[in-house]
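Student: Let us go through this model by question and answer. Please start with the strand pairing and then move to the cores and the helices.

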Amino acid sequence: MTVPEYYAHKNIEEKLKSLGWEPLKEKYYSSPSNYLILQILENQLYLLNKHIPEEDREEAIEKAIDKLKNSDEVEILDYLKKGVPISINKGQRGPSPYNVILISNNADENLFYYAHELKFKGEPNIKPDFTLFINGIPIVIIEAKREIAEKETVEDAINQIKRYEYQAPDLFKYVQFAIAYGDRDRYVSTYPNRIKEDRFKVGYRWKNESNKEEIFDLLKKERLLDLIKNFILFIKSNDENIRIVPRYMQYWAVKKAFKRIESYLNGESEKNKGLIWHWQGSGKTFEIVYLSNLFLKFYKERRPIIFIIVDRKDLENQFKNIFSSLKNLEFELKHIDSIERLIEELTHIKEAEKNKCKTISGVYLVMIHKFDINKFKEFIESYGQINKKEVLILRDEVHRTESGKFASLKNYIFKNAIQIGFTGTPIHKKDYTTFNDYAYPPEEYYLHKFFIRDSIEEGFTVKLVWRVANPKDIKLNLTEKDVKALIDMYGNPNIDINPEDVKISLSDLLNSDEIIKNASKYIVKNVKEDTENFKFKAMVVAQSREACIKFKEYILKYAKGLDEEDVEVVITYHHNDSPIIERYKNALFKRFNTKNTEEINKKIAEDFKNKDKPKILIVDKKLLTGYDVPRLKVMYLLQILKGHTLLQSTARANRPYKDKEFGLIVDMVGHLIEAYKKAVEIYEIYENDIKEDVLKYLYINYGEIWQSFIRKLDEFKRLFKKITNRDFEEFMKIKDKEEFKEYIAKIVLHKDGDLLYNCLREAIKLFESLGAYEKKINYYKIYDWLKALSFGIYRFKNPKKEIPIKEIREELLKYVSFDSYVDIGEIEINEKFLNNLKTDYVAFADFTFSLLSYIESRRGPLYKELYKSLKKTIESYKSKNKSIEELLKEFDKAINYIKSHEKLKNNLNKEEFLIYEIESFLKIKGFNVKLDKFRQQIKVRKPKTPKDIKILENYLKIDLMKYIKDKDKVNEIVYEIGEEIIKPSVKAWN
């Protein structure tokens, strides 16, 4: 059910007031200077900065505001967090540095105002529904979409926010995020869009501490301050600064971990560890960033130290790249690149324990393998253990390498440290060491959890669908012994064979020229459909470096239309590589004009992520973790991937992207995913909810998507027969476009027509997303007709819009190439014409949607209301609540309104035309009102200011109360007329 805009706005106001936000006074509604409300800002800064001597305070504030106005969005966020550094020249005494606080950490010391429909300078000017200010600085906007001609959704609100970003980019130097208030409530980060790019934005839900959806929890004073001061950051990507606002599970996981840290360091608890399970793609890296920032900031006086520990070179590079791209941090990441450097840093820490004058603090990135007991004997003999409590160990991918000697040495050295582990894969009972080191079993296995199911529902990740390649295509036939070995590789202790023997023979098989050739043919045959004509990208995971190069050679050999830049390889290169790698490497040097293989790999990886080419990337080990390419949809696996590696590798395809329904994993080995799921069933996982989550939501069989398509197709066919009284197969035999139009006319004029159209589009989308699934082979003819019908309905309902004819099969193009538009301004509407519409339902449908299209294309509140009224009448006709005669009568009235409106616009003076517009607007709504008091006032007054408009609205209310007794209804109508008619008219007059 739609909520009228008046009530939606009223509801938002009530919510804001309940949280302590106050309405902005009317005197501030003139366009804010540089988007700031200077009077409020200046007064508030004077109160917040009493640490600045009074004789310098005014100048300091003036300089700070000037700096604020002329800084970019990254600098402004720094100022909001820490204050504005300025300097005042004191003559011979030299400069006096000060820090001007913009926002206090204490909510009670700040002013929180909201403005309703405040106008900001832009191209054109913009007017968000609500703008929220802290101390006169705009921080948040709210865009409400609750009532429209056609159903508006949260997507419409997000699209409006995206438009604001390029219409008034400088506003978004200050605004941290926006809330889209529609059929669902979502928030999005905001930042200036100066180049007017088409941004892909996903709106996220916000949940409160009790895990209940509550968007206004974001706007609680303390919450908003916490987000600004401690969480929101910028990251540099493709020469653009992108604002990062935390997702709710990141925020609450970090808050929970920090609470444990506080309790431990304050002596309230002895618990000093925790394990966080968040599914791949949920943003664990940023959780590590946020927690590091908090720990360093709040324990600054206690010289805190953080070690971020990883176990793979690619993860180490990922952290280095992310931290080097991040802005607004409290620290710089220090990379420990050798065991000697690690020992040196630990020595400094130990010496600082004894010498309080020695200050050691910071954040270090190190690989777990550098904790080598053989190299630490001298350190242990000299220093023993580090006693310091203010050491925070943040261990990424904690499920790996935690049971070996490296982890043992780490735990020995940091005996009092706080340890927080992060994982996105399930931990089995055989990994009990992980729980011992990072949890408190059986009381607590996980400090915080975020499931695969949650991640998909929230839109942080998409479903992963798997398809097993036909063994006949690859000619890779595994024995039962091979399959058992695969399961055993995932940790099942109940199979008494040596998996390594089988693994070696399988590896040889997967590297064989014949298998790679067949797999390449399979990829070439299917990749275009799997990637939906390369709207998305594909990755091939090969068994070895040599296999990667062979894959590229064979794919280019068999593929038509792909060149060398379309298919690239990223592997590690060594000196004295095998002949096939040496040949390929030398060719690369010539093509990229450099012999730096790291630079070449980096460029290919960046291009795959950010450009159209390459379309296919081939890897063996590199880029399988920590490499996010949202456009990647398809992964072809011809490598033996073990449990955690399989999960992390395939999760590369689970990042959301526009129109991406799911990620597709093509198992060309034949049993990888089945073996993994079988192993999970066998394993004992400590918490059954995680086991159930993995088994149910990790990988969806392609057959399940196919069955969804079949169900949707059957639903469509039932609706089609109900509406047209014909089977769809009969429709597929039509001979000419007139017959085609008859079918469509029946559909668009039926009460279930929209239901059928939505069902039809969903069926098409499912079929297309299935890529090269073998069962599609017998359905392509049906698909072509579904597509033709879909475009036909679209053209009928939108007669002036073009359709993408390239997507329609040539022999069906003749059916959709009809012209259904009736020029309303050119035809003579008389009794004969209207009577003809009663008997010719194709002409009737043509006229109906042409009239709607004509009205929709016109500007102004009268046309908007007329459109809504006609849509409502047409829906009543479809539901058989109105006869065709009643509908035609409404059409006749609408056309008369249109003609009168155009004529009177030129003949009446501006005041009389305003009265005419309001009375016509009310008449369309069903109220035959005469404006007496309003007419008297508009003739006497010359309205210019918001106060003048308010007076006019009050007299309008008096007039309406004579005809409408419902006070709330009157308020709603007055609000709507004020916003849609009076304010724009007064603005145009002045």
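Student: In which sense do β20 and strand β22 pair?

Tutor: The model is predicted, with local features needing pLDDT of at least 70, side-chain atom pairs counting only at pLDDT 80 or more, and totals for chains, interfaces and linings using all residues. Residues are numbered from 1 along each chain as its sequence is written, and side-chain values use heavy atoms, leaving out hydrogens and water. Strands (E, at least two residues) and helices (H or I, at least four) are DSSP runs numbered from the N terminus, and two strands pair if DSSP finds at least two bridges between them. Four bridges link β20 to β22 (residues 616-619), and the sense is parallel.

Student: Which residue of β23 stands opposite K537?

Tutor: Strand β23 (residues 632-638) runs parallel to β20 and is joined to it by six bridges. Opposite K537 in β23 stands L632.

Student: Are the residues of β20 buried or exposed?

Tutor: Buried means under 20% relative accessible area and exposed over 50%, with partly exposed in between (1.4 Å probe, protein chains only). In a regular strand, side chains alternate between the two faces of the sheet. On one side of β20 lie K537, M539 and V541, and on the other A538, V540 and A542. Six of the six residues in β20 (residues 537-542) are buried.

Student: Which helix gives the most to the largest nonpolar core?

Tutor: A nonpolar core is a set of buried Ala, Val, Leu, Ile, Met, Phe, Trp, Tyr and Cys residues joined through side-chain atoms within 4.5 Å. The largest has 148 residues, and I616 and F716 are among those with the most contacts inside it. With 10 residues, the helix that gives the most is α25 (residues 702-724).

Student: How many residues does the second, separate core have?

Tutor: This core includes V84, V140, L265 and M367. Its count of residues is 125.

Student: Why are α4 and α6 called oblique to each other?

Tutor: Axes are lines fitted to C-alpha atoms over the stretch in contact, and angles run from 0 to 180 degrees between N-to-C directions. Angles under 35 degrees count as roughly parallel, over 145 as roughly antiparallel, 65 to 115 as roughly perpendicular and the rest as oblique. Helix α4 (residues 73-82) and helix α6 (residues 221-230) have axes 8 Å apart and pack at an angle of about 120 degrees. The two helices are therefore oblique.
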